[in-house]
Structures are given as C-alpha cells and as structure tokens.
Amino acid sequence: MVMDRTSGRSPAPLLDAVETPVPLGEVDPLDLLPRGIADRVRAVGRDLGMLGKRLILGQTPPPLIDRPRAGSGAIVSLPGKTPVMARPVKVVKVVRETKDAVSIYLTEADDSPVEFRPGQFLSVDVNVDGQRLRRAYSLASACLDGVPAHVTVKRIEGGRVSNQLNETIREGDQLQVLGPSGNFTVEPRSVNERHLVMVAGGSGITPIMSIAETVLRLEEASRVTLIYGNRSLDDVIFRERLAALCEEFGGRLRVDHVLERPPDDWQHGRGLLTGEVLESRLQALGIEDDGVTRYFLCGPTPMMEAAHEALERCGVDASRIAEERFNSHEARSGDAGSDKTELVVVAKAGHDHGIQVEPGQTILEAALAAGIEMPFSCAMGGCGACRVRRTGGEVQMEEPNCLSKAERERGYVLTCVGRPLSQCKIEVEGS
C-alpha cells in the first residue's frame, strides 16, 4: 500500500464490498450453535416432522433419496416405483396384412433406423385401460440397409395388446420399446452355401420371414424351403410378399402352404400342421436330411412339439434345430412371489449389494431402482439376457420363459420375471 501511494496510485480496498446486514427475521437460531450440535438438532426436528405426518395426518413422507445407490454389502430401502426401461420409437407407416394382422413400421425417435439382427424381436409397452402391458413382437423385415424395420401384430382372442394395436395404431404414433432381443437368428455371410428348412404356424412367420429374405438376398448360393400352416388362405400373413419372393428367387425359395380349411381345388397340404402332416410335406417336397441342413421352427407350442418329434423321427439332431415359441401372454402364470418385502443379495464384480424387493416387484426392477447396473434386454423372459445364477434361497418365475431344463437344474433364473419367495442370493456372471 505504501509503494502504491508513493507511486501516485490509490491502494485497493481491503474489502471489495461491505456485506449487507442480514435481517434478524431471516437468522436461523441453530446457526448460532456449534455446527455438530446444530446438525443433530435439525435431524431430530426432521424425524419428528416425518413421524407427525405418519401418525397424525396419515401421510407417507417422500423418501430423502429417490434413487438410492447400493454400496457394497448395503441394505437399501427402495421406493415402490418401477423404473422406466423402454425407449420411444416412431410409427412411420401402418399396413394391414390380413383382417387380423397389421404391420407397424418404425424408426428411432431421432429418425435413425432401428438396428436388429434377422429373427429378433422388440418388447413393446402399451397402456391398456391405465395399465402398462408388455408384449414381444418379432421384426419381420429383411435386415438390410435402406429397408425399414417393422413388427407384425396378429390379433389373438382375448389379447388386450394385440387387439388395441390392430384397432388403434396410426402413423405418427409413438411406441415404447425395449430391445431388439433374442437368439433365434442367423449371421448371414456372402460365402455361405446352405439349405434352411423353415416351419411356421400363423404369426410364427414373422421372424421366419426376416431370416428367409435376409439370407436369400445376402447369400446368393443359399436356398430356403418354407412349410407354412394357417387356418385359411385369407389368414396367410405376407401371402403376396411370399409370392413375389418366389417369383424373384425362383428355385432358391420354395413355399408350401398347409391349410386347415383349404378351397376345394387346393393341391397342397391340408389340416393342422401336425407331425404326420409335416413328415408328409417333407416327403412331397423331396427333402431328405443330409446331416447339415438347419431347421427353424416358430409357432404355437403344440405345433412346435409335433415338429420336434417329426424331425427326430427323420434323424435330425437337436443341435441343428432352432426354435422360437409364441405363447399368449394372457396364458402365462402371473406368479407374484412373496407377499412381503424380501432381501436379495446381488453378487456382482466381487461385491455384494443388498436390495429389498417389494411384493409383486421383480428382482430386475428392484435392482435397477437401487442403482445397480444389471444385464437385461426384453424384460419379459424371452431372450435370456438377464440370466443370473441363484446361489441361495428361492425365486419364482413367470412361466413359460426361455430357460432350458438344463439351465434350471444348474440354478439359473431370469431376473426380469423372477420374484423372491424368501431371502436369497444371486450372482451376476461375467461382471
């Protein structure tokens, strides 16, 4: 300051500005106490306030932390809110395939294409009468650049979601989806030279269609035989599309329709697509198993079981059979697990995370709500991405789901449809 003054400069003030006095009414008396004591007094006051709301007013106070993150070995009290896992996609076109089936063309919310592998499906969330329902619908389009992705939804009797989508979906709407998911798929390579025999029933044609057209367009030396069962000609989904592909690819694609109620002049398969009918159609088409042909099955459970038995009688090894089962969600078990909150310990990356799973809540929902990163994709038991190993306790799953008998025997469960029946522990493998 002396140097500034001798050089003719005014020294800078010690204080940039004088603080304005705080009005007495705005002073918190607790600020006059030592900090540790003040914090404890505030905590007591907060707890008394919450207790008063609970006992006197009957109110449930909001949680102090909406989305607590689980620390190693921590037990976390969770809010009951189910986390949102789906993302929005745009409906850019709607095409009526039959009187009971509609194709819904989709892009991502930013207009980019929906990326998938041939044969995969999307999990679609739809609000019906105020309730969020989730259903799986296969992508039926060829997996090619410039080909818009679409799912095809067939109306089923009593199907709340399939009926609503058939009746109300419009271009410009949005859908909430997860995925794509599923392992019922192929990896097309231009050098492949193979024969795919595909058996579909009803809406089971949707993933089959995606695989067949993708292979035909990307593998010039491969060929496809499709045996497709329906009630009548009017019920054949993609009837015109299949005819156009047969004309385009000639002998590389053969389509054999089997109808329960065929027209009088029908020259192809008749009746339900049973094992005996399938064997007769394979013989009529001159197909004898050569030990390398791959088989793809998709449709109702009775058709699938009959097809497996028929192929086994024909000497086809199970390792060469891929399947996708279509089940009515309304027919699934609605197992709700325990009727009280249960502790589930999640072993992940060398650490144990304790979570509380509320009645009706899945393990996946509770873990995500606790801030634990968990593997999942379809979130409805159809793809196996959420598979974990149960190392203690009991878990109840909705049925049917995609777990095999061997996986169940080794202790695996699906967290997206699994609910604890007791205190239990699960291990997330590969984390």
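How many salt bridges does the count come to? The count comes to 22 salt bridges. The structure is a predicted model, and this report goes through its charged pairs, its surface charge, its cysteines and some features of its backbone.

## Salt bridges

Arg281 and Asp256 are one of the pairs, with their side chains meeting at 2.8 Å from N to O. Because Arg281 belongs to helix α6 and Asp256 to strand β10 (residues 253–259), this salt bridge ties together parts that are 25 residues apart in sequence. Arg281 counts as buried, at 14% relative accessibility. Asp256 is buried too, with a relative accessible area of 2%.

Another pair is Glu279 with Arg313, where the closest N and O atoms are 2.5 Å apart. Glu279 sits in helix α6 and Arg313 in helix α7, so the pair ties together parts that are 34 residues apart in sequence. At 18% relative accessibility, Glu279 counts as buried. Arg313 is partly exposed, its relative accessible area being 47%.

Lys99 and Asp100 also form a salt bridge, and their closest N and O atoms are 2.9 Å apart. Lys99 counts as exposed, at 58% relative accessibility. This pair is part of a network: salt bridges link Lys99, Asp100, Arg155 and Glu167.

The three pairs described above are set out here.

| Salt bridge | Closest N to O distance |
|---|---|
| Lys99 and Asp100 | 2.9 Å |
| Arg281 and Asp256 | 2.8 Å |
| Glu279 and Arg313 | 2.5 Å |

## A patch of negative charge

Which residues gather in a patch of negative charge on the surface? They are Glu276, Glu305, Glu309 and Glu312. Helix α7 (residues 301–313) gives the most to this patch, with three residues. Glu276 has its place in helix α6 (residues 275–284). With a relative accessibility of 56%, Glu276 counts as exposed.

Helices α6 and α7 therefore appear in two settings: the pair Glu279 and Arg313 ties them together, while the negative patch draws on helix α7 and takes in Glu276 from helix α6.

## Cysteines

The count of disulfides comes to zero. Why does Cys378 not form a bond with Cys383, the closest cysteine by sulfur? The two sulfurs are 3.6 Å apart, which is too far for a bond, because a disulfide needs cysteine sulfur atoms within 2.5 Å. Cys378 counts as buried, at 1% relative accessibility. Cys314, in contrast, is partly exposed, with a relative accessible area of 36%.

## Backbone features

Most peptide bonds are trans, and most residues other than glycine have a negative phi. The following places depart from that pattern.

Two cis peptide bonds can be described, each leading into a proline. The bond from Gly179 to Pro180 is cis, with omega near 20°. Pro180 is found in strand β7 (residues 174–181). Glu399 and Pro400 are likewise joined by a cis peptide bond, with omega about -5°. Pro400 lies in the loop between β17 (395–397) and α9 (405–409).

What is the sign of phi in Asp111, a residue other than glycine? Phi of Asp111 is positive, near 75°. Asp111 is placed in the loop between β3 (101–108) and β4 (121–128). The residue is exposed, with a relative accessible area of 51%.

Asp129 also has a positive phi, of about 55°, although it is not a glycine. Its place is in the loop between β4 and β5 (131–138). Asp129 counts as exposed, at 73% relative accessibility.

## Strand β17

Gln396 has its place in strand β17. It counts as partly exposed, at 25% relative accessibility. How far apart are the C-alpha atoms of Gln396 and Val413? They are separated by 8.5 Å, and the two residues are 17 residues apart along the chain. The loop that holds Pro400 runs between β17 and α9.

Methods
Residues are numbered from 1 along each chain as its sequence is written. This is a predicted model: local features need pLDDT of at least 70, side-chain atom pairs count only at pLDDT 80 or more; totals for chains, interfaces and linings use all residues. Side-chain values use heavy atoms; hydrogens and water are left out. Patches are made of residues with over 30% relative accessible area and no salt bridge: like charges are joined within 9 Å, nonpolar side chains (Val, Leu, Ile, Met, Phe, Trp, Tyr) within 5 Å. Accessible areas come from the Shrake-Rupley method with a 1.4 Å probe; for residues, only the protein chains shown count as cover. A salt bridge is a side-chain nitrogen of Lys or Arg within 4 Å of a carboxyl oxygen of Asp or Glu. Lys and Arg count as positive and Asp and Glu as negative; His and the chain ends are not counted. The place of a charge is taken as NZ of Lys, CZ of Arg, CG of Asp or CD of Glu. Helices (H or I, at least four residues) and strands (E, at least two) are DSSP runs, numbered from the N terminus. Buried means under 20% relative accessible area, exposed over 50%, partly exposed in between (1.4 Å probe, protein chains only).
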